[in-house]
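This briefing covers selected local features of one protein model, grouped by topic. Sequence and coordinates come next, and the notes follow them.

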Amino acid sequence: MITEKQLTDGGIATMKDSALLAIILSSEGGNYCSIERASGILKACQNSLNTLYCLSIEEMLQIDTITYTDAIRLKSAMELAQPRRVTEVLEKPKISSSDDVYGLFQHLSDCQYEEFWIVVLNKANRVIDRQKISEGGISGTVVDIRRIFHHTLKILGTGLILVHNHPSGNLNPSDADKSITKNIKEAGLLMEIAVLDHIIIGNTGYYSFADNGMI
């Protein structure tokens, strides 16, 4: 149980991940989550919050001590934290290289399933938003080009960077990766939205289409 003294003495920012999880999982009715239970949940995820973040609700329920209510709370808290970290805390960071993009999406290296994201930029190459377009299986995901440009146009973006992960760890772009990149770039030309790069993230690093002259 987290006491009021612990919160006032050190502050939430100084707490360990297990203590923060315990706070999220505690109910308003006084049914507190113990740090021991929170530590057990982290241990089941290799002590990685990124791994926990990448789990679906169904996968969270496979951990013995997590209830359905717990899983909903965790997914809600983590989904809320991700866009706030980029758009509010970093205050529209400027993208100057593929390393900058990798820094925003390094957490995807721990994901067990493929996710496809876009980074929307303004004319100064600053991040306006990032959006997950799709989530699939181990070997691929379906990408809806219309959804990509609907979101980009809605927030008046002028540039796009595509990002997805390869759970296999293989950083080489597949034929499907090359094809979808070509199609999105061609669609962007019609709407004067520049597709600047496509980053593939694996567990050992990343591959940049731009750095390798592929876009």
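A side-chain oxygen of Asp144 comes to within 3.0 Å of the backbone nitrogen of Arg146, at the start of helix α8. The model is predicted. The points below take up α8, then the sheet, then a lysine in helix α6.

**Helix α8**

- Helix α8 spans residues 145-154, and its buried residues are Ile148, Phe149, His151 and Thr152.
- These four lie on the same side of α8, because the arc they cover around the axis is only 160°.
- Arg146, His150 and Lys154 are exposed, and they sit on the face of α8 turned away from the buried side.
- Arg146 thus appears twice: its backbone nitrogen faces the Asp144 side-chain oxygen, and the residue belongs to the exposed face.
- The packing partners of the buried α8 residues are β1, β2, β3 (159-165) and α9 (175-190).
- Just after α8, Leu156 adopts a positive phi of about 60°.

**The sheet**

- Five strands form an open sheet in the order β2-β1-β3-β4-β5, and the pairing is mixed.
- The edges are β2 and β5 (205-208), each of which pairs on one side only.
- From one strand to the next, the twist averages 20°.
- Strands β1 (residues 115-121) and β2 (residues 127-135) run antiparallel and are joined by seven bridges.
- Phe116 has Ser134 in β2 as its bridge partner.
- The hairpin of β1 and β2 has five residues between the strands, and Asn125 in this hairpin has a positive phi near 65°.
- Strand β4 (residues 194-202) pairs with β3 in the parallel sense, over seven bridges.
- Opposite Ile199 in β4 stands Val163.
- Helix α9 lies across β1, β3 and β4, and runs at about 160° to β4.

**Lys75 in helix α6**

- Lys75 belongs to helix α6, which covers residues 68-89.
- Is Lys75 buried or exposed? Its relative accessibility is 18%, so Lys75 counts as buried, the cut-off being under 20%.
- The Lys75 side chain reaches the backbone oxygen of Leu55 at 3.0 Å.
- Leaving aside residues up to four places away in sequence, Lys75 touches Tyr53, Leu55, Ile57 and Met60.
- Leu55 therefore figures both as a residue touched by Lys75 and as the owner of the backbone oxygen that the lysine side chain reaches, and Lys75 is counted as buried.

Conventions
Residues numbered from 1 in each chain as written. Predicted model: local features only at pLDDT ≥ 70, side-chain atom pairs only at ≥ 80, totals over all residues. Heavy atoms only, no water. Pairing = 2+ DSSP bridges. Helix = DSSP H or I, 4+ residues; strand = E, 2+ residues; numbered from the N terminus. Buried < 20%, exposed > 50% of the residue type's maximum accessible area, 1.4 Å probe, protein only. Arc of directions from axis to C-beta. Contact = heavy atoms within 4.5 Å. Polar contact = N/O pair within 3.5 Å; in protein donor to acceptor, adjacent residues only side chain to side chain. Axes fitted to C-alpha atoms, helices over the stretch in contact; angles between N-to-C directions.
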